[in-house]
Each structure stands twice: as C-alpha cells, then as structure tokens.
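Please look over the sequence and the 3D structure shown here. The paragraphs after them go through the model part by part.

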Amino acid sequence: MTKPLSAGTTPHSETGSRVVADPDDISRALRRLAHQVVENVKDVSNVVMMGIPTRGVPLAARLAKNISEIEGVSIPVGSLDVTLFRDDLRMRPSKALEHTHIPSVGINGKIVILVDDVLFSGRTIRAALDALNEYGRPAVVQLAVLVDRGHRELPIRADYVGKNLPTSLSEKVLVQISEIDSIDQVVILSGEDST
Amino acid sequence: MKHLISVQDLRRVDTFHILDTALELDRVTNGGNKLLPTLRGRTVVNLFYEDSTRTRISFERAAKRLSADVIHFSAKGSSVSKGESLKDTALTLNAMGADMIVVRHSSPGAAHRLAHAGWLDASVLNAGDGRHEHPTQALGDAFTIRAHLRPGAMDFDGLTIGIVGDVLHSRVARSNIFLLASLGARVVVIGPPTLLPVGMAGWPCEVGYSLDARLPELDAIMMLRVQQERMNGTFFPSELEYSRSFGLNRARAQVLPEHAIVMHPGPMNRGIEITAEVADGPRSVITEQVANGLKVRMACMYLLIGGEASAA
Amino acid sequence: MPLNSYLIRGSQPYGENEQDIRIVDGFISEIGLDVEPGNLHVIEASGSVSLPSFVDLHTHLREPGREDAETIASGSRAATLGGFSAVFAMANTSPVADTAGVVEQVWRIGRATGLVDVFPIGAVSVGLHGESLAELGAMAASAAGVTVFSDDGHCVSDPLLMRRALEYVKIFDGVIAQHAQDPRLTQGAQMNEGELSGILGLAGWPAVAEEAIIARDVLLASHVGSRLHVCHVSTAGSVAILRWAKEMGIRVTAEVTPHHLLLTEDLVSTFDPVYKVNPPLRSRADTLALRAALADGTIDAVATDHAPHPHESKDCEWDSASFGMLGLETALGVVVAAMSETPQWNWRTLSDRMSSAPAKIGRAQNHGRPLAIGEPAHIVLIDPHQAREVVAIELASLSGNTPYAGMTLPVSVTDVFFNGVHQVRGGELVG
C-alpha cells in the first residue's frame, strides 16, 4: 500500500520508500494499546511506564496519558537508556549516552511497562532488562511497542503491539514522532535508501 | 577520538560531551555504587612510571566500575640504562591485548610517543606526562566548576578562574589553563615570576604577581601545590615568604566573592599554599574534585574504548 | 690511462660559464673551453655545477669508543658522499682526544681509509672536564698536526681557563672552538626556551646561555689578541654580538649548522627525539637571522655537527634521548634549500662558506683551494636540478638519526674527486 509522502518533512526520495502509517493510524494504535493495557493489567495504579530513548520516551508519555484518561489514574513515566548495557557496543563507534530517569516511586514491586518504537532483533529489550535490574526488582516487566517488524534474534516478545509489519532484512523501518520529528508517521525504506 | 593526550586536542563540544557523559554515568551508577557491564572483556592497563597512589586508584575504580579488566604495571627507570624501555613495555602490553593504556610518566611527550610511535594498537590516555599535561584532572575540575557555577551550561563565558602557584612545573596548571580558556572562561594565573614559564604572553590567560589584587574578581580559585624541591632551590627564599604572598588563608578567603569556590588538585601542603581552615572550609570543593575526577575518567574510558576501535 | 687523471667536460665551475677541467695526477692541470682529452677518461658533466669539495669543521666520528654509532670509515663514506674532502673530528670520543696518542690514532685511521682527510680536533681541557688545560702543544706537534681545539659537547665555562687556552694556542697558530652554553643556565635543558617550551612543559635552553658566553669570549679574545671560533651559532642575538665583534676588528669566526638554517622549534611539538639537538632548534626569527648572517659573512662557515646516535638513543621518550642529528650527506641539499630565498647567495658564496672559509679557519692547507690550475683536484660535481628524497636507511652513516627522512632535497652530489681519485660516481661510492 503506497501513500504519497507528507510534504516538507521527510528528506527521502519518493521511490523506494512508503508510508505505512499516518498520524491517525498512530493515534488510534496508541489508544488501542492503552485499552489493552487496562484490560490486561488489573491494577494500573501499580504501573510505571519506562520509555526507551529516543522515541520510546514520547510514546511512553502518550500511552500513559491515554491510560490516565481511561482510568482516571496518573501513571508515572520515566526513561531508560540502554546504551551501556548493549551487547553490540564494539561493532560501532561509541554512542552518546541518553538520559535515564527513574520516577520517584521507583520500580521495586511495580508493573514496569517498557515502551519502544520498533521491536526488531530484541537486543535492545534484552539490554533494557539488564538495565532495569540495576535499578530494582519489578514485580512484572511487560513490553509495549508501536511496531513489531519481526526478525527476532533472541526469545523476546512484546505484550502489546501497535502494528505488525512484516519486512525484509534489507528494509529499514523509520518511526517519526512529532515531539521529535514534527510529524507522526511510520515509513519503510527499501534497501537502497537504508543508509 | 582514539587517544586523549592533551586538552588542546579537544574542541569545546568534545569537552562538554565528556562532561555530559560523566553526569549520565554518575546517575546511572547511582553515584558510583553500581557496576556497569559496558567495558566487559576490555583490558585497561595502568602504566605508571611515577608513583601516584591516588591517581592510580581513581583510574582503577573507573575501569572496574565499567567491568573492564585492570592490569597494573608499575615501571621504574627510564629507557636509558635502567629498566625496560618504554617501547619494549609498549610492545609487550600490545602483545598481551591491552585495549587502553593509561600512562603516567615523568617525561613530557611520553603519552604522545606511545600513541603515535606505532608501537601500540591500544587507546592511550595521558594520566600525566612530566610537566606537560594531565587532561582528566582538568576535565574533572571543569566538571566541578560547571556543577557549582554553571550547571547545564555549554560554555563558561563570564566566569573568571584563578590559578595560583607553581605553573612552571605543573601539568595540572597547563591542562586547566588551556581547557578553561577553550570553554570561554577568563583565566587569571598568579604566582612568583620564578615559577611562571617564560613566554606566557601568547597563552590564553592573564598573568599577575599579586594574589590580593585579583581575589575579588574570582569565581573559582585553584591553588597549586608547591613542591619541596622548589622551596630549597632558587625559586623563592622560603616557605614562609611564599605563604605570605601566595598562600590562601582565612583573610584572603574572606575577600573572595560569596559564591566563589576553592579548589586544589591535591595533595595539599596544608599551611603553605592553603591553610587547613580554608581547605576544610565551606567554600572548599576539594573532596568533590576527587569524586568528579573519577566520573570523568569513567566517561573518557567509555568514549575512547566503549565502541569499536577507531582509526587514530 | 694515467691514474687520478680525468677530463671533466662541460661543467659550470661555481655555477658560472661552462668550462672543461683537466685533472692529471691528482692536480688541476687545465681549465678552459674544448680541452683535448688525450688519453684521459672523459666525464660528461654538462649541466653540472663544479665546486671545490667541502670542508666540515665540526663532525663527530665517534671512534674511538662509540663505533656502534659511527666509525672513521663509515663517517668518511658519509662525508665523501656529501661532497666533503676534509672533516674535522671532534674530541669527545672515548677515550677523549686530549693527548697526542689519541689524535694520532684518529689521524692514522682516517689516512688508512683514504676517502677524506680527517683532521682530529684536540680537547681544550683534560677529559673535557673544564678544569685544566690538555696537552695542546703535544697535540699540535703530533703527526696529526692539530690546530683546532674544542671541548664541544661541553662549554669551556670557566673564564680563566678559556683565557689561558686562548693565550696558549697562539704559540702554534691554533684556534679554540667554543661550544657556547652556560651550564648553570641550561641544567636539564631540552629545547629552546620560549612560548613553546612553556606550553610543552619541556625544560628550556635560553638563548642568553649561548649569547652571554659568546659575548664574554669575544672580549677575552680581543684582550689577549687571539683567534676565537664559535661552534654552531643558533640565535639572532649571537649573530648581533658576532657582527659587533667583527666591526671592532676582533678575530672571531663562526659556523652554523645546516639544520639551524632550515628547521625550527615547532618540530619539537611532535615529541620525536630525532629533532632533539644541542644547541636546540630555535625560532623562525633566529633562522632568518642566521641565513642573513651566513649570506653577509658574519657567519663564516657551514659546519654540519654531524652527530650519529644508535637507534636506542633516539627511539624513546624525549627526556631520555640523546642530542644530535646526522648532517654530512644532506648538508649541501639542506643549505641550498634553506638559502634559496636569501639575497646575495650564489654558488660562489656557498663555496666560500662550505669550502674556503672552513679550510682557512682550520688551517687545512690543501683544502678549500679554488678551481684553478695547479690546485689539488678536490672537486665535487652537483646536479642542481636533480632532487633527491632522503631515506634514512640508504645513508652511508651507521646511524639513521636524520631529521630529513622523507624530505626531498633540491640538489644532488653526483661525482666527487679526492686528490683526483674519482671516488663517487652517479651519487654512489665507487668500488
């Protein structure tokens, strides 16, 4: 399904990339995810959302807001930088650290929901689990992602998925979130464009 | 960036990147109490030709906190006649698979030689080469100054920092002067002419011989250690005369602006360049300097060898 | 064909008009146009510049004692390849050349090698300790015929000893060659004292430590009526003092090294000990003053201060490294490169500064003679258009500490005749 690109915000060529979700799709997905969380987790007052930088952070905030609107309870939101825990550090130049913020309620005994934009190999989530370990012992850890593009390399699965996107390995999935990119959309870039 | 030899290799953006990384690492490790797996499997060698327990321990803790393997190599003697040559030591460490060499040596340029002579594949971190430089000390001091005087800032514009004492023999002074100036601070160097290098006219700092005249302008004052050897030599007549003119005592501390902080790279000669009262007083951030040195050393190690090995 | 006899056809003596030069039995027998070769071997030299071979007033041949760095034989090879027919060998060997015995040994080995004339320099003080005079008279009277005396490596810093030495050598028309370096001002010194030394944290060697000694010595020389020679002048201030002294009629001569004409202290910021030398590399202003002084004759001669060092002495950190650079094989190219933009400089001046003046200072009778009939055939042919890259390992010296490795020098020595013997051909040693 090919849609014309929105004007003025994406620098990619028109050939070889396609938009697979627009702002409405994303907003609907986040509302659906919020309902799924509420249905699944009986007691949302024990939930802490931890967004994985960069784009997982605004997504976590939006998801938390949606849940608050449904249940009337405020959900603490934090961020969890996983850079220092990655297993593939030596394969690329050293990456700048992002910000980690644990909400003041902590995570001990909490239901921590990790939030990320794309679930792919699963290695980022493995690192996130190690990182979480350093800060406490949650009762339960769950995972919410906007997009699951398959190709897992580890036994990791998401509890809540906004959109399943079958892709080939040569493709690149680009999630843009308006808090960072001025637009909400999900774009698939074909092989030649994925540099 | 593969090596850290001199602060003059760092652009302003590089320096703040190191300071921000240090801040984040400090948060993640909860003030240094946690272990991170980031440098697991890496080998860091502490190659110390000069005795320095405090610096060595600081680098050791930094490496261990990131789960690196740490090897100590206390070397004695210089290349000529005594002991193994710097080159042979380097070749040996390279063969053993060191990822990083932290080197302290009495000869200016020793770190530079290690990094560029083609003996090593490892990253080289200069922990002090003779009188030349001690970059991580200056980075730690910049961290301290930023925390107290410009939190979150990306420049030190408008800050005036005083550096007092034996600049001629001090690698800490050299690194600090050039680093702070590169961040936009105004640096004022004060000391007896015998302890200031010839030809400072081109340096990015002001030079003065009177401490009292400059105290009111300073946002931070950094006191340098005066070594015993200088006191017996021809540099100035006596310890007392030195303290009288250049020592930071209570009276002088009171002339400093309210917000000013008192710094010293350690170890201190209490009673000579700084009185015990001031060193232990409310404005002193000397113990924080030690903690911040550790933080920036962790940051430097992460940035130098946390990723793939880069081309020099 | 007769020995040591050739016809050099078409070269340009002193870079001037083309002439043929005929050498017979080691002497120049004819210079002119279209000279008949007869049965002589002809060397086609059109396009070459021919000059009298050079004389080096300041070389370290290291033998006896440090044959791991250089020997009289290897140093002689380096010298002839550089276009030299005579070298003055400094006395800081092991044992020190402070007796007739040692200087004669050096002289004999030089003769036996037979590639250049080696003139041993005698020490001024016993053991170079700067305390008591060495047996200057015995060395002068020896087979080596020493006329130049120097404690080079060390300064004769005691003013009384310097005075006595200056007075004493008048007996045999000798000259004291002073290494001007006040030891008290240069303890532990590593590089020129200035802004850069302050930044690098290397102990400084202030210009005044050289200038103050030169000032003292020219006044002493004047007072006792003696000749004085100053080794390796390196600062603009020294040049000013020499200029004044010559204006006052004081009999002082001076030499400068090729490296001080070309290289400056900024190379020290690489911390590569190949650039560590005594006196140290100085500022650009000093370099320019030295060039002007060499052009106008305030500095009389170029002298290489060829200082070979084994690899270990340079392959280490700066503080531990030895001082010194090679110079014999690269001297001509470096001088040409350094002086290329200085006015009043041509092949005539070069020949004076690298050949006649040093020969005169050292009283080396058969050297520094003009290219003229009846003179000894010590001739060097130079290709002024053939640039050459300096490759350390290809140098004839046993050591490799040249600061010019990888640099391209603008001219090449192609042929050298020593007493009419054609011993360098096409830039290579014959045989």
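C:F149 touches a set of residues that lie over four places away in sequence, including C:I121, C:V124, C:L136, C:M139, C:F172 and C:I176; a contact here means heavy atoms within 4.5 Å. C:F149 is also among the residues with the most contacts inside the largest nonpolar core, which has 94 residues. Others in that group are C:L51, C:F54, C:L332, C:L350, C:I379 and C:I382. A second, separate core has 88 residues, among them A:A128, A:I156, A:V161 and B:M263. A nonpolar core is a set of buried Ala, Val, Leu, Ile, Met, Phe, Trp, Tyr and Cys residues joined through side-chain atoms within 4.5 Å. Buried means under 20% relative accessible area, exposed means over 50%, and partly exposed is in between (1.4 Å probe, protein chains only). In soluble globular proteins, nonpolar side chains tend to be buried together.

This is a predicted model, in which local features need pLDDT of at least 70 and side-chain atom pairs count only at pLDDT 80 or more, while totals for chains, interfaces and linings use all residues. Residues are numbered from 1 along each chain as its sequence is written, chains are lettered from A and ligands numbered from 1 in the order in which they are written, and side-chain values use heavy atoms, with hydrogens and water left out.

Next come the strands. Helices (H or I, at least four residues) and strands (E, at least two) are DSSP runs, numbered from the N terminus. Strand β1 of chain C covers residues 6-13, and six of its eight residues are buried. Two strands pair if DSSP finds at least two bridges between them. β1(C) pairs with β4(C), residues 41-44, in the parallel sense over four bridges, and there C:L7 has C:V42 as its bridge partner. With β2(C), residues 19-24, β1(C) runs antiparallel, joined by four bridges; in β2(C), C:R22 stands opposite C:L7. The hairpin of these two strands has five residues between them, and in it C:Y14 takes a positive phi near 55°. Two bridges join β1(C) to β5(C), residues 49-52, in parallel, and C:Q12 is partnered there by C:V49.

How many disulfides are there over all chains? The count is zero, where a disulfide is a pair of cysteine sulfur atoms within 2.5 Å. C:C155 forms no such bond because its sulfur is 10 Å from the closest cysteine sulfur, in C:C231. C:C155 is buried, at 11% relative accessibility.

Finally, the chains. Two pairs of chains touch, and chains B and C have the most contacts of these. Chain A and chain C share no contact, and their closest C-alpha atoms lie 27 Å apart.
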